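Got the structure open in front of you? Let's walk through it together, one pair of side chains at a time to begin with.

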Amino acid sequence: SATAASSSLVVQSSGQAAGFSSLAMEGGLGRNKSRDQIWFNKDPLGLICCTMVYILIMFAEFALLMLLELSVASNVLHFLLFNVFAMMAVWSHMRTLFTDPGALPIYPRHTLDTIRRDSPEYRNGELVTTCEKCPTYKPYKAHHCSTCGHCIRKMDHHCPWVNNCVGEGNQKYFILFTFYICITSVYALLLSVNVVVSCRARQWEDCFGPSAALIFVFLVVEAVLFALFTLIMFCDQMCSVSSDESQIDRMQHKGSSSKSSSFSNIRRVFGNQMGIAWFLPIEPRTSTLRRRDLLPI
């Protein structure tokens, strides 16, 4: 992901701001996806990576089905619990994939040119810039994504594994995706180790044939790699949320301007009330304005 070169722009107060809003409503929204449509990127690399995610999850299901003795009641319970975590990961992934990450509307070029000539000022204390690639207004911490073709509010990065940007609109879902994939991978690894331990009392050939041994090796390698990768991503995302500083901001050494506590920043992403909803990929209930409230800047 790359940030666009932007020229400083701020919006004048009261009367002029209302004029800008009317201009935006007249010409800006028609060139964007309808708010009733599902957000979806057609990036070839992203589509390949998303397909790989589901293939790897299905392979883990198949491998455990082959390795576990489902005639044992405890193994059935373990397999069902593994499926619960896997389904939560799939649900979180789909919400991340199909949720608008916070794309700003694209306005006609003459609208931006008009506002530049008006020498605008600060609006509500927020410095607003213009993107030369979209074109659109860029509030603070919005960055342009060349893959999505939009400026994204509070953009953290573009992730091909979810074929989407991670931004204000879907960061919770992405964090939950990494969380549940990590748990699923660790659980699959523990179940694989348990299979090996249970085989020590018998002949190795009675537990593993050549094909089962190959499946076991692939499952262990997959579980270790994805457990480590998603654990790192989860920790990185939680640090970004708690400090209110995106990955792009850290790379640009901008630092965090947030005066809120770490817990307040986390609540802003996951929801005001800590509870079971924090662990479900559903829209958080927060006081933060959603994208539909922010269209006319």
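Let's start with a pair of opposite charges: the side chains of glutamate 168 and arginine 153 meet in a salt bridge, with 3.5 Å from N to O. Glutamate 168 sits in the loop between β7 (164-166) and α5, while arginine 153 sits in the loop between β5 (150-152) and β6 (157-159), so this pair ties together parts that are 15 residues apart in sequence. Is arginine 153 buried or exposed? Its relative accessibility is 13%, and because buried means under 20%, arginine 153 counts as buried. Keep in mind as we go that this is a predicted model.

Why would such side chains pair up at all? Side chains of opposite charge can pair when their charged atoms come close.

How many salt bridges does the count come to? The answer is three, so let's visit the others. In one of them, the side chains of lysine 141 and aspartate 244 meet, at 3.4 Å from N to O. That pair links distant parts of the chain: lysine 141 is in the loop between β3 (136-138) and β4 (143-145), and aspartate 244 is in the loop between α7 and α8 (247-251), 103 residues apart. Both lysine 141 and aspartate 244 are buried.

Aspartate 244 has another partner, too. It forms a salt bridge with lysine 154, and here the closest N and O atoms are 4.0 Å apart. Lysine 154 lies in the loop between β5 and β6, and aspartate 244 in the loop between α7 and α8, so this pair ties together parts 90 residues apart in sequence. Aspartate 244 has 18% relative accessibility, which is why it counts as buried. Lysine 154, at 30%, counts as partly exposed. Put these pieces together and you get one network, in which salt bridges that share partners join Lys141, Lys154 and Asp244.

Now for some empty space. Rolling a probe the size of a water molecule over the atoms shows where empty space is left. A search of the whole structure turns up one cavity of 30 Å³ or more, and the volume of the largest cavity is about 340 Å³. Which residues lie nearest its centre? You've met some of these names already: of the 22 lining residues, Lys154, Glu168, Gln171, Asp244 and Val269 are the ones nearest the centre. The elements giving two or more residues to this lining are α5, α7 and α9 (262-270). Sorted by class, the lining has 10 charged, eight polar and four nonpolar residues.

Let's take a closer look at helix α5, where you'll find tyrosine 180. Its relative accessibility is 7%, so tyrosine 180 counts as buried. Who is it in contact with? Leaving aside neighbours within four places in sequence, tyrosine 180 is in contact with Phe85, Met88, Ala89, Ser92 and Phe279. You can also compare tyrosine 180 with threonine 230: they are 50 residues apart along the chain, yet their C-alpha atoms are separated by 8.8 Å.

Last stop: helix α2, which covers residues 44-67. Its 24 residues reach 34 Å from the first C-alpha to the last, close to the 34 Å expected at 1.5 Å a residue. Several of its residues are buried, including Gly46, Cys49, Cys50, Val53 and Ile57. What covers the buried residues of α2? The cover includes α3 (73-98), α5 (171-199) and α7 (210-243).

Note on methods: Residues numbered from 1 in each chain as written. Predicted model: local features only at pLDDT ≥ 70, side-chain atom pairs only at ≥ 80, totals over all residues. Heavy atoms only, no water. Helix = DSSP H or I, 4+ residues; strand = E, 2+ residues; numbered from the N terminus. Expected span 1.5 Å × (residues − 1). Buried < 20%, exposed > 50% of the residue type's maximum accessible area, 1.4 Å probe, protein only. Contact = heavy atoms within 4.5 Å. 1 Å grid on protein atoms, 1.4 Å probe; cavity = no way out; pocket = protein on both sides within 12 Å on 5 of 7 lines; lining within 4 Å. Points joined across faces, edges and corners; volume = space filled by probe spheres on them. Nonpolar A, V, L, I, M, F, W, Y, C, P; charged D, E, K, R; others polar.
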